[in-house]
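Work through the exercises below with the structure at hand. Each task is followed by a solution in steps.

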Amino acid sequence: MAASSSILRRALLYVPASSPRMLTKSLGLASDNITYDLEDSVTPAAKPEARAALRTHLHSLSERPSSVSELAIRINAVSTPYALDDLAALAPLPRVDAVVLPKVNGASDLTFLTDALRHLAPGRHDPASSEYNPVKIVALIESARAVMDLREICGATPLLSGLIFAAEDFALDLSITRTPSLGEFLYARSAIVTAARAAGLPSAIDLVCTSYKGEEGLARLDDECRGGKAMGFNGKQCIHPSQVETVQRLFAPSEKEVEWAVRCTVADEKAAKAGRGAWTLDGTMIDAPVAGKARAIVDKARRCGMDVDDLRDKWKHQEPE
């Protein structure tokens, strides 16, 4: 799998490829990931034009915008007549960092995509090539069958870099209704997070918040982000630019979390030198798993642009209790 702790996808923002205005606007947005969509947001009749417009847009970029960490494309499902055309037009482009594949029902869907990418962009997938920079794959889990086959899906390709939960299609597949509590999705969401972690994938990306307008929409988004983070998701799909700031803030470590983590790591370094495997901080026992969690928080804080070095200096005298 394409496991890398440096990959950060707090927000995955969909931008319809059928809208020239939104393609242009996307270059000025600040989001960990922008995913140009050729699937649900584009009608069948508009797909050829949208595909051509997206190719022109991506081909014109000499580099990725500095405010965006990853540019991805969501192609059409491999079961449709559009997928190969999407890949033939876009996979060879150097600005395509990742492919988001919808409606993944089994390992064969990912095998198909991997073979296509290696054929269409051979240099990027040859370790001996100077162009080596594999296109990452992020799989959308949208059905009961996919949830039951997560182990096989996660082991299907070394290019796999994350899983995304598609709540609306999953609800359709199970003939259930989405409710504000999201309780009907508990099993599927837990299974996806667990499978992603077990496979060492960098990303487990939560469902779309369909409410985004007004105070009620912002409150719902806030609740969903906090709930998803508590379950183990490390990112969330966004359908409007106004959602990105909230999502990226809530899926980053909080200032309180980072301060605790820095204090813990500083003290743990001193405890290790003294040969102490377990010690306390603020009256709570700290052992290897807790110290490991603190280091992970510090690492993520750095990748989110937080000033960890300043905090380390502030707490340089922290001692293990």
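**Exercise 1.** Determine whether Lys 236 and Glu 224 are buried or exposed, and describe the contact between their side chains.

Solution. In this predicted model, Lys 236 and Glu 224 are both buried. Their side chains form a salt bridge with an N to O distance of 2.9 Å, which is inside the 4 Å cut-off for such a contact. Next, place the partners: Lys 236 belongs to strand 8 (residues 235–238) and Glu 224 to helix 9 (residues 214–231), so the salt bridge ties together parts that are 12 residues apart in sequence.

**Exercise 2.** Characterise the salt bridge between Asp 32 and Arg 10 by distance, location and burial.

Solution. Step 1, distance: the closest N and O atoms of Asp 32 and Arg 10 are 2.7 Å apart. Step 2, location: Asp 32 is in strand 2 (residues 31–37), while Arg 10 is in the segment before strand 1 (11–16). The two residues are 22 residues apart, and the pair links distant parts of the chain. Step 3, burial: the threshold for buried is under 20% relative accessible area. Asp 32 has 4% relative accessibility and therefore counts as buried. Arg 10, at 9%, counts as buried too.

**Exercise 3.** Repeat the analysis for Glu 319 and Lys 270.

Solution. Step 1, distance: Glu 319 and Lys 270 form a salt bridge in which the closest N and O atoms are 3.3 Å apart. Step 2, location: Glu 319 is found in the segment after helix 13 (308–314), and Lys 270 in helix 11 (residues 255–273). This pair links distant parts of the chain, 49 residues apart. Step 3, burial: partly exposed is the class between the 20% and 50% limits. Glu 319 has 45% relative accessibility, so Glu 319 counts as partly exposed. Lys 270 has a relative accessible area of 25% and is partly exposed.

**Exercise 4.** How many salt bridges are there, and which residues are linked in a network of them?

Solution. The count comes to 25 salt bridges. The network links Asp 37, Glu 39, Arg 74, Lys 103, Glu 142 and Asp 169.

**Exercise 5.** State how many aromatic pairs the structure holds, then analyse the pairs made by Phe 185 with Phe 165 and with Phe 170.

Solution. Step 1, count: there are three aromatic pairs. Step 2, Phe 165 with Phe 185: the ring centres are 5.4 Å apart and the planes are at 70°. Planes over 60 degrees apart count as edge-to-face, and this pair is edge-to-face. Phe 165 lies in strand 6 (residues 160–165) and Phe 185 in the loop between helix 7 (167–174) and helix 8 (186–198), so the contact ties together parts that are 20 residues apart in sequence. Phe 165 is buried, with a relative accessible area of 0%, and Phe 185 counts as buried at 0% relative accessibility. Step 3, Phe 170 with Phe 185: this pair is also edge-to-face, at 6.2 Å centre to centre with 65° between the planes. Phe 170 is in helix 7, and the two residues are 15 residues apart. Phe 170 counts as buried at 5% relative accessibility. Step 4, assembly: ring pairs link Phe 165, Phe 170 and Phe 185 into a cluster.

**Exercise 6.** Over which rings do the charged ends of Lys 47 and Arg 263 sit?

Solution. The charged end of Lys 47 sits over the ring of Tyr 82, 5.4 Å from the ring centre. For Arg 263, the ring is that of Trp 315, with the charged end 4.7 Å from its centre.

Key
Residues numbered from 1 in each chain as written. Predicted model: local features only at pLDDT ≥ 70, side-chain atom pairs only at ≥ 80, totals over all residues. Heavy atoms only, no water. Helix = DSSP H or I, 4+ residues; strand = E, 2+ residues; numbered from the N terminus. Buried < 20%, exposed > 50% of the residue type's maximum accessible area, 1.4 Å probe, protein only. Phe/Tyr/Trp six-rings, centres within 6.5 Å; stacked < 30°, edge-to-face > 60°. Lys NZ or Arg CZ within 6 Å of the ring centre and 35° of its normal.
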